[in-house]
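Visitor: I am new to this structure and would like a close look at a single part of it. Please take me through the enclosed space inside the protein, and then add a little on burial elsewhere.

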Amino acid sequence: MAKFIDRVVLHVRAGKGGHGCSSVHREKFKPLGGPDGGNGGRGGDVVLEVDANVHTLLDFHFHPHAKAGNGRPGEGGNRDGKQGNDLLLKVPDGTVVLDSDGAVLMDLVGVGNRFVVAHGGRGGLGNAALVSKARKAPGFALLGEEGEERDVVLELKSVADVGLVGFPSAGKSSLVSVLSAAKPKIADYPFTTLVPHLGVVVAGDTTFTVADVPGLIPGASEGRGLGLDFLRHLERCAVLAHVVDCATLEPGRDPVSDVDALEAELAAYKPALSADSELGELADRPRVVILNKTDVPDAAEFAELVRPEFAARGWPVFEISAVSRAGLRPLTFALAEMVRTYRDEHPKAAPIRPVIRPVAVGDSGFSVLPDPDEPGGFIVRGARPERWVRQTQFDNDEAVGYLADRLARLGVEDELVRLGAEPGASVTIGDVTFDWEPQIAAGVDIVPTGRGTDIRLEQTDRVSAAERKHASRVRRGLITDEEDGE
């Protein structure tokens, strides 16, 4: 028998973006061909998609690592790199995606539903795309970004309309086998059913699914028996049906005490989807009591005795025999009516559409905070500055100057001045820490002395520490130009 897996930890890594190309067109009799470096290709995404032919997470149990394709680097002749191939992972209907902290990222319900669990890195721009009025022939290109890497938990929660709950050997599997075409394993010992089984039932013009959950025992919500592993499969059920063994010979057990014990476990279990699901807690679901094994004479008398007890609670009660199939037809149509009522009261939600949220007025897109580990230092946080740093070739002075221009235009330079940053103060952006030099004329495109160089960085090396400090004081308004002349 195939192994049933309904919870796995998946390690995913999206593809890297390809590096941009720094190239100059060379052709006979055309000495000024200009830059022609192409852009790098985007890295591939890791995508989860619901497939009707997948019913377990078994593949991910044996292959827990998933990696998408990397983007190719750009090439000369304005040739962009090839994009990395997306990795499409097929998951069963009802898969819930959680992060490493247990927060729900996505609930994949419905065939064809998709979720990008890891986004591929952006490809770097080639020097042909970096041409400006001042930089006619950039001697650098941008690096490609790393793809997202994360660990996620996949949990399978069966998508069924009716969930059968009961003690081991209560006859749940037998009931599913006679109500539908499902053929679960049936034997005369407890815990025969080790995995949930789904059966499709047709009653008139209504079709619904029934889930046979492995037997529950007292303490299931705390991990006893198999209950904790499979209670999650009841979270999506609109109707819960208690299957009661009226012919049990175990001492101390009777239908009423069995149902009360299971009701306590259902009330103690807290579904992970209850906060977002309109179904709510398991204790709030509609109930049906199915008194099984009435083909045994003593069991039929016992069923008649306890029937008023359950009817007094307002629950529909049905006496059946899965062996002789007595009472199955009224039960089937009653379940169909309850499912139909639920569907009428809870129509399917509209498909999820992306929400576009405008940026708030005055939002610079970054923040500058004091560095707690470095006195006088600062940390710059923000998606754009951190991405720009990752894409910079720090062994190329022209690329570093271009980064300084971008940061200054964003307002990072002015914010550091406002916060009182001193010359030489350590500034950390992402994984890179550098000494802040206010003398650099950042934000102004300056023609470099040569490809791959920047005159501002060369000038900075010749500025003394005293001159840098004095220039900073003038810039912050601590002294005026007239005082400077004195």
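Guide: What follows goes through the cavity and its lining, then turns to two other places where residues are buried.

The model is a predicted one. The count comes to 1 cavity of 30 Å³ or more, and the space in the largest cavity is about 50 Å³. Its lining includes Val-165, Gly-166, Phe-167 and Ala-170. Also in the lining are His-242, Val-243, Val-244 and Asp-245, together with Arg-253, Asp-258, Val-259 and Leu-262. Two elements, strand S12 (239–245) and helix H4 (255–268), each give two or more residues to this lining. The largest share, 4 residues, comes from S12. By kind, the lining divides into 7 nonpolar, 2 polar and 3 charged residues.

Away from the cavity lining, consider Asp-51, in the loop between strand S2 (46–50) and helix H1 (58–62). Asp-51 has a relative accessible area of 18%, and it counts as buried because that value is under 20%. Leaving out residues up to four places away in sequence, Asp-51 touches Lys-90, Val-91, Pro-92 and Asp-93.

The other place is helix H7, which spans residues 383–390. The buried residues of H7 are Pro-385, Arg-387, Trp-388 and Val-389. Strand S16 (378–381) and helix H8 (397–410) are among the elements that cover these buried residues. Strands S17 (426–429) and S18 (432–435) are also part of that cover.

Conventions
Residues are numbered from 1 along each chain as its sequence is written. This is a predicted model: local features need pLDDT of at least 70, side-chain atom pairs count only at pLDDT 80 or more; totals for chains, interfaces and linings use all residues. Side-chain values use heavy atoms; hydrogens and water are left out. On a 1 Å grid over the protein atoms alone, a cavity is a set of points where a 1.4 Å probe fits but cannot get out, and a pocket is an open set with protein on both sides within 12 Å along at least five of seven lines; lining residues have an atom within 4 Å of a point. Grid points are joined across faces, edges and corners, and a volume is the space filled by probe spheres set on the points. Ala, Val, Leu, Ile, Met, Phe, Trp, Tyr, Cys and Pro count as nonpolar, Asp, Glu, Lys and Arg as charged, and the others, Gly among them, as polar. Buried means under 20% relative accessible area, exposed over 50%, partly exposed in between (1.4 Å probe, protein chains only). Contact means heavy atoms within 4.5 Å.
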